[in-house]
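Here is a short briefing to read with the model open beside you. Take it topic by topic, and turn the view as you go.

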Amino acid sequence: MKIETAKLGRQELHDLIGTAISPLPIAFISTVGPDGVNNAAPFSFVAPVCSKPAIIVVGIGLRKTEKKDTLKNIEFTRDFVINIVDEPLIKKAIQAANEYPPEVDEIKEVGLTAIKSDMVKSPRIAEAKVSLECKLVQKLEILEEIREGQGLRAIVFGEVVLAHIKDEVWADGKIDPARLKIIGRVGQNIYCRTHDMFELKRISSI
Ligand SMILES: Cc1cc2nc3c(=O)[nH]c(=O)nc-3n(C[C@H](O)[C@H](O)[C@H](O)COP(=O)(O)O)c2cc1C
């Protein structure tokens, strides 16, 4: 089977890419708006692209023709927090993807706790085992097909300036993935646990 991507619709191509490049992470992004209302939503078109500086990219599409609250807030504060989604957080993260009006504090709405960050204005989520405070470094806009025509997808580049890691997932100077129990996304509404891990040693460490 060969598929020329130009022949696929937006949703079909989204599903193809989202499964071919998977498991994708689920970054539960918390932000704050100009009116002081906290916001959180899950994003899986997310990837680390540089280690030092630690740069993470996030693709934020449009809701119909409107910018999502996460993007509006990032443009306002020029920062955001990536809260890592583990087994206890996954259902709440998915719930936060519902289309709430901007005046709703989605962190509170899904039963989680927002706490002040140290180096950015966006709050972090207290229940997350790992939260990464990020400062906006750059934003690219790409013309994309959306449900009702075309629009600009923002690709935001954030530098991780502070990592919060709970002691319970820290072992031997590292995050222990067996303790973190991170969740991945392997297709549209399909997720995976990370129970079955194995190690393969290689000669070079770079
Ligand atoms: C698991 C999951 C991953 C998602 N990934 C993305 C993504 O990478 N980019 C995006 O624009 N929307 C993504 N969404 C949809 C947003 O979470 C959704 O549009 C949300 O309502 C945005 O909220 P906001 O307006 O508060 O920013 C994802 C939804 C789910 C459930």
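The notes below go from the overall fold to the sheet, the ligand shell and a few individual residues.

This is a predicted model, and the protein in it has five helices and 15 strands. A good place to start is the open sheet of seven strands, with helix α2 packed on it.

**Overall shape**

- The C-alpha trace of the protein spans about 50 × 50 × 30 Å along its principal axes.
- The radius of gyration is 17 Å, which agrees with the value near 17 Å for a compact globule of 206 residues.
- Of the 206 residues, 29% count as buried.
- Among contacts with a separation of 6 or more, 63% are between residues 24 or more positions apart.

**The seven-stranded sheet**

- Reading across the sheet, the strand order is β2-β1-β7-β10-β11-β4-β3, and the pairing is antiparallel.
- At the edges lie β2 and β3 (46-50), each pairing on one side only.
- On average, neighbouring strands of this sheet are turned by 35 degrees against each other, direction ignored.
- Helix α2 packs on this sheet and touches β1, β2, β4, β7 (79-84), β10 (130-146) and β11 (149-165). The direction of α2 makes about 55 degrees with that of β1.
- Strand β1 (residues 27-32) pairs with β2 in the antiparallel sense over six bridges; within this sheet, Thr31 has Asn39 of β2 as its bridge partner.
- Towards the other edge, β3 and β4 form an antiparallel pair over four bridges, and a hairpin of four residues joins them. Pro48 stands opposite Ile56 in β4.
- β4 also pairs with β11, again in the antiparallel sense, over six bridges; here Ile60 has Ala154 of β11 as its bridge partner.

**Side chains on β4 and α2**

- In a regular strand the side chains alternate between the two faces of the sheet.
- β4 shows such an alternation: Ile56, Val58 and Ile60 point to one face and are buried, whereas Ile55, Val57 and Gly59 point to the other and are not.
- In α2, the buried residues are Asp69, Thr70, Leu71, Asn73 and Ile74.
- Just after α2 comes Arg78, which has a positive phi near 65 degrees.

**Around the ligand**

- The ligand has 18 residues around it, and those that come nearest are Ala41, Phe45, Lys68, Asp69 and Thr70.
- Three elements each supply at least two residues of the shell: β2 (38-43), β4 (55-60) and α2 (69-77).
- Strand β2 gives the most to the shell, with four residues.
- By class, the shell has eight nonpolar, five polar and five charged residues.
- Asp69 and Thr70 are worth a second look: they are among the residues that come nearest to the ligand, and they are also among the buried residues of α2.

**Two loop residues to compare**

- Pro123 is in the loop between β8 (114-115) and β9 (124-125). Pro123 has 22 C-beta neighbours inside 10 Å, so it counts as buried.
- Leaving aside neighbours within four places in sequence, the contacts of Pro123 include Ser30, Val32, Asn38 and Val81. The C-alpha atoms of Pro123 and Val81 are separated by 6.9 Å, although the two are 42 residues apart along the chain.
- Gln188 is in the loop between β14 (184-185) and β15 (191-192). With 10 other C-beta atoms within 10 Å, Gln188 is exposed.
- Not counting residues up to four places away in sequence, Gln188 touches Asp15 and Gly18.

**Backbone points to check**

- Most residues other than glycine have a negative phi, and most peptide bonds are trans.
- The peptide bond from Ser22 to Pro23 is cis, with omega near 5 degrees; Pro23 lies in the loop between α1 (10-20) and β1.
- A cis peptide bond also leads from Lys52 to Pro53, with omega near 5 degrees, and Pro53 lies in the loop between β3 and β4.
- Lys64 has a positive phi near 55 degrees and sits in the loop between β5 (62-63) and β6 (66-67). Lys64 is exposed, with 10 other C-beta atoms within 10 Å.
- Asp172 has a positive phi of about 50 degrees and lies in the loop between β12 (170-171) and β13 (174-175). Asp172 is exposed, with 5 other C-beta atoms within 10 Å.

Terms used: Residues numbered from 1 in each chain as written. Predicted model: local features only at pLDDT ≥ 70, side-chain atom pairs only at ≥ 80, totals over all residues. Near = placed C-beta within 6 Å. Nonpolar A, V, L, I, M, F, W, Y, C, P; charged D, E, K, R; others polar. Pairing = 2+ DSSP bridges. Axes fitted to C-alpha atoms, helices over the stretch in contact; angles between N-to-C directions. Contact = placed C-beta atoms within 7 Å. Buried ≥ 20, exposed ≤ 12 C-beta atoms within 10 Å, placed from the backbone. Rg over C-alpha atoms; globule rule 2.2 N^0.38 Å.
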